[in-house]
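The following exercises concern a single protein chain. Each task is followed by a solution in steps.

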Amino acid sequence: MLDGLNEALERIERDPGAPVDAAAMARTALTSEHHFRRMFSALSGMPLSEYARRRRLTLAGAEVIEGRDTLLDIAVRYGYGSAEAFGRAFRAMHGMSPGEARRTGAALTSQSRLTFRLTIEGSTIMRYRVVDKAAFRLVGPRTRVPLVREGDNAPMAAFVRGLGDQVYERLAELSDQEPRGVVSVTLTHDPDRREGSDVDFLLAAATSSSATPEGDAVLEVPEGTWVVFPFEGLGFPEGVQRMWVHALGEWFPSNPAYRFRHGPELLSVEYEGDLASGELWLPVERASD
């Protein structure tokens with residue numbers, strides 16, 4: 001898996017001015033485009049598009065300082081339709097225009113080339129189980145919040161605080177299957193999972209019931225496969241948020257028979273003081289399917 005990721009990234013180095021073809025890179029890595037984007041983001045800490053932009057402007061910056069070609073020639077070579085567009089992108093990364101950089105020889109920002117390697121550290125041991133689950137419904141109040149990778153998600157927390165006890169009681173009664181009880185549901189829309197991108201969030205019950213209480217939303221979940229990660233005594237929210245990082249950065253590379261598929265991500269959790277225990281459910285598909 002890591003060799004495939006590294007081979008895919010060679011496409012950026014060979015032609016940094018070309019548009020990012022995530023689908024072709026995913027084929028090189030022998031996986032789906034959605035899984036490739038998610039894996040890259042988890043392992044690198046940035047979206048694929050952002051890494052390609054930074055590498056493009058790093059290489060372009062070196063040519064600007066070198067001074068052999070015109071700024072327009074460099075702009076076109078690195079995929080910019082005009083000197084103005086190149087100048088805006090250059091300033092956003094380097095803090096100055098290409099002309100200023102060439103005149104002054106100022107220090108520029110550099111994005112190092114990424115290479116993924118497996119490091120053995122006695123690292124995280126992840127318990128898991130794989131569940132083939134029939135179609136079901138997620139029923140409960142829904143809102144839209146920004147994606148927050150680490151730390152408190154203030155809009156999400158405010159939404160949850162605004163729900164009364166009767167909502168939790170109603171959802172507990174609706175719950176008739178795994179994951180049991182009141183479930184936090186997130187559905188991302190940005191395949192690169194950029195910070196601040198839109199996420200649909202539900203506090204819901206997994207149910208087979210056709211009833212839809214007034215004011216609740218319904219998410220129909222088709223039949224599919226899930227990988228379930230149980231956890232105990234993690235700090236909230238940072239410790240629980242790290243579960244996603246460990247899953248995408250460690251479990252999937254170690255278990256290439258499965259890949260992430262787009263769908264709702266489910267968190268069933270109980271709190272004891274500042275610590276949380278529960279299960280993280282992630283939708284997957286078998287790579288052989």
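Helices and strands are here DSSP runs numbered from the N terminus, a helix having at least four residues and a strand at least two. The model is a predicted one.

**Exercise 1. Determine where L30 and R193 lie, and whether each is buried or exposed.**

Step 1. L30 is placed in the loop between helix 2 (22-28) and helix 3. Its phi is positive, about 60 degrees, although L30 is not a glycine.

Step 2. R193, likewise not a glycine, has a positive phi of about 50 degrees. The loop that holds R193 runs between strand 4 and strand 5.

Step 3. Exposed requires over 50% relative accessible area, and buried requires under 20%. L30 has 73% and is therefore exposed. R193 has 12% and is therefore buried.

**Exercise 2. Locate the cis peptide bonds that precede P179 and P237.**

Step 1. E178 and P179 are joined by a cis peptide bond with omega of about -15 degrees. P179 belongs to the loop between helix 9 and strand 4.

Step 2. From F236 to P237 the peptide bond is also cis, and omega is near 5 degrees. P237 sits in the loop between strand 7 (224-235) and helix 10.

**Exercise 3. Describe the largest pocket: what is its volume, and which elements line it?**

Step 1. The volume of the largest pocket is about 970 Å³. Its lining has 39 residues, and those closest to its centre are M156, F236, Q241, W244 and L267.

Step 2. At least two lining residues come from each of several elements, including helix 3 (33-44), helix 8 (154-161), strand 5 (198-207) and strand 9 (265-272). Helix 10 provides the largest share, 6 residues.

Step 3. By residue class, the lining consists of 23 nonpolar, 8 polar and 8 charged residues.

**Exercise 4. Characterise the largest nonpolar core and the contacts of L9.**

Step 1. The largest nonpolar core holds 35 residues, and the members that touch the most others are L9, F36, L48, F229, F252 and L282. Helix 10 gives the most to this core, with 7 residues.

Step 2. Another core lies apart from it and has 15 residues, among them F136, L138, V183 and V228.

Step 3. With neighbours within four places in sequence left aside, L9 is in contact with M25, F40, L48, Y51, L114 and F116.

**Exercise 5. Establish the surroundings of L187 and the exposure of Q166.**

Step 1. L187 is part of strand 4. Since its relative accessible area is 14%, L187 counts as buried.

Step 2. Beyond four places in sequence, L187 is in contact with V199, D200, H262, G263 and P264. The C-alpha atoms of L187 and F201 are 6.6 Å apart, with the two positions 14 residues apart in sequence numbering.

Step 3. Q166 is found in helix 9 (residues 165-174). At a relative accessible area of 52%, Q166 is exposed. Its C-alpha atom is separated by 25 Å from that of V199, 33 residues apart along the chain.

**Exercise 6. Summarise the chain as a whole: how many helices and strands does it have, and what percentage of its residues count as buried?**

Step 1. The chain has 10 helices and 10 strands. Its C-alpha trace spans about 70 × 40 × 35 Å along the principal axes.

Step 2. Of its 289 residues, 48% count as buried. The accessible surface is about 14,600 Å², and carbon and sulfur atoms account for 49% of it.

Step 3. Among contacts between residues at least 6 apart in sequence, 73% link residues at least 24 apart.

Key. Residues numbered from 1 in each chain as written. Predicted model: local features only at pLDDT ≥ 70, side-chain atom pairs only at ≥ 80, totals over all residues. Heavy atoms only, no water. 1 Å grid on protein atoms, 1.4 Å probe; cavity = no way out; pocket = protein on both sides within 12 Å on 5 of 7 lines; lining within 4 Å. Points joined across faces, edges and corners; volume = space filled by probe spheres on them. Nonpolar A, V, L, I, M, F, W, Y, C, P; charged D, E, K, R; others polar. Core = buried A, V, L, I, M, F, W, Y, C linked by side-chain atoms within 4.5 Å. Buried < 20%, exposed > 50% of the residue type's maximum accessible area, 1.4 Å probe, protein only. Contact = heavy atoms within 4.5 Å. Areas by Shrake-Rupley, 256 points an atom, 1.4 Å probe, with all protein chains shown as cover.
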